[in-house]
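Colleague: I have a model open and some questions about how it is built. Can you take me through it?

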Amino acid sequence: MKGKLLLLLALCCVLCSCESSREKKAIQICQETKIQVSLSQEENNIDDPLTLLVTKIGFSLLGLDLETSTWLDFANMVAEQSPNEKFHWMAKATDTKNVYQVGFVNEENWGHFWEVNIKEKTVMHLNQKEYKSREYGHSRLDKDAPFKITDIAADTLMLSNEGVSYKIQGKVVNHTGKSISHADMSGSLKVIFENKTEEVTNRYSKNHKILKKEVSESHPWKDGEAIEFTVITSEIKQIYLDYDPQYVFFTIEMTASDPIGYSYNKAIYEEDMKGRWNAIRK
């Protein structure tokens, strides 16, 4: 009996060692792969010459050459831009043979993720793919967001001749423990198909401000204070109602900072709208 137990323990050690080796291989393949930028939801390449030129210039300003830089170069750039955060590489096996999820993440597991096939040596940046990100359970939602949505007075998915839009009204409360000197909210409605995401954001006009109070150093947003807000998105064209998407989400993003170095940039609210979308389709 003792011999069988020792054999089982030895086998477990071998399997763990083998899996660890495959995880390291997945990370290495990801790090050595050249950056691929997907500006088209359907393709992994950039066909438009002007778009390609603008993209190259943008990466050049970040210190990256789109022709030669690897995902390791990209990760190093991310780390340099956030010197106060500690990042690390991780890899995790998926349910698909030879396919691993690789991440370059901070201590809160926020960061960039890739799907890596260690046999085919293919790498897909999941942050660029809304459908794939959702399949892996990723979103920008901060489940412990220091800004809380409360007192929702309107919550309406609307169908008009122009298409489908969404309206939400309520209050957002500052629970950061800080006096916020800059704040900007934005809302987006996303209809996510496997090969395309159709997205609309809040309408902007001179008379429509999302936050109903000016936030500045002269008019700070105090800790514990609630501010009323209204988000009304543009319309998603009616043609998309002819299709059953994999996911439909409405998301509110918050960008905020105080005068002495605090900053925040995450999603603070997310609503699964798939059921309501399908109800409109019927």
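Colleague: How many bridges join strand 10 to strand 11?
Modeller: This is a predicted model. Strand 10 covers residues 247-257 and runs antiparallel to strand 11. One partner pair across the two is I252 with Y269. The number of bridges joining them is 9.

Colleague: Which strands stand at the edges of the open sheet of 4 strands?
Modeller: The strand order in this sheet is 8-7-10-11, with antiparallel pairing. Neighbouring strands are turned against each other by 25 degrees on average, direction ignored. An edge strand has a single partner, so one of its sides is left without a neighbour in the sheet. That applies to strand 8 (197-201) and strand 11 (263-272).

Colleague: How many residues lie between strand 3 and strand 4 in their hairpin?
Modeller: The two strands run antiparallel and are joined by 4 bridges. W114 stands opposite H125 of strand 4. In the turn, K121 has a positive phi of about 60 degrees. The number of residues between the strands is 4.

Colleague: Which side chains of strand 4 are buried?
Modeller: In a regular strand, side chains alternate between the two faces of the sheet. Strand 4 (residues 122-125) shows such alternation. T122 and M124 point to one face and are not buried. The buried ones, pointing to the other face, are V123 and H125.

Colleague: Is W114 buried or exposed?
Modeller: Buried means under 20% relative accessible area. The relative accessible area of W114 is 0%, so W114 is buried.

Colleague: How far apart in sequence are the parts that the pair of W89 and W114 ties together?
Modeller: The model has 12 aromatic pairs. W89 and W114 form a stacked one, 5.5 Å centre to centre with 25 degrees between the planes. W89 lies in strand 1 (residues 88-93) and W114 in strand 3 (residues 111-117), so the parts tied together are apart by 25 residues.

Colleague: Which residues form one aromatic cluster with W89 and W114?
Modeller: W89 and W114 are themselves a stacked pair. Their cluster also takes in other rings. Those are W71, F74, F87 and F104.

Colleague: What is the centre-to-centre distance of the stacked pair Y247 and F249?
Modeller: Y247 is buried, and so is F249. Their ring planes are 25 degrees apart, and under 30 counts as stacked. The distance between the centres is 6.2 Å.

Colleague: Why does S165 count as buried?
Modeller: S165 sits in strand 6 (residues 163-174). Beyond its neighbours within four places in sequence, S165 is in contact with T156, L157, M158, L189, R203, T233, S234 and E235. The cut-off for buried is under 20%. S165 counts as buried because its relative accessibility is 4%.

Colleague: What share of the contacts with a separation of 6 or more comes from residues 24 or more positions apart?
Modeller: The protein chain has 5 helices and 11 strands. Of its 282 residues, 40% count as buried. Among contacts with a separation of 6 or more, the share from residues 24 or more positions apart is 62%.

Colleague: Where is the pLDDT below 50?
Modeller: The chain averages a pLDDT of 88, and 84% of the residues score at least 70. One stretch falls below 50, although it has 19 contacts in the model beyond near neighbours in sequence. Where pLDDT is low, the predicted coordinates should not be read in detail. The stretch is residues 39-46.

Key: Residues are numbered from 1 along each chain as its sequence is written. This is a predicted model: local features need pLDDT of at least 70, side-chain atom pairs count only at pLDDT 80 or more; totals for chains, interfaces and linings use all residues. Side-chain values use heavy atoms; hydrogens and water are left out. Buried means under 20% relative accessible area, exposed over 50%, partly exposed in between (1.4 Å probe, protein chains only). Contact means heavy atoms within 4.5 Å. pLDDT is the predictor's confidence in each residue, from 0 to 100. Two strands pair if DSSP finds at least two bridges between them. Axes are lines fitted to C-alpha atoms, for helices over the stretch in contact, and angles run from 0 to 180 degrees between N-to-C directions. Rings of Phe, Tyr and Trp (its six-membered ring) pair if their centres lie within 6.5 Å; planes under 30 degrees apart count as stacked, over 60 as edge-to-face and the rest as tilted.
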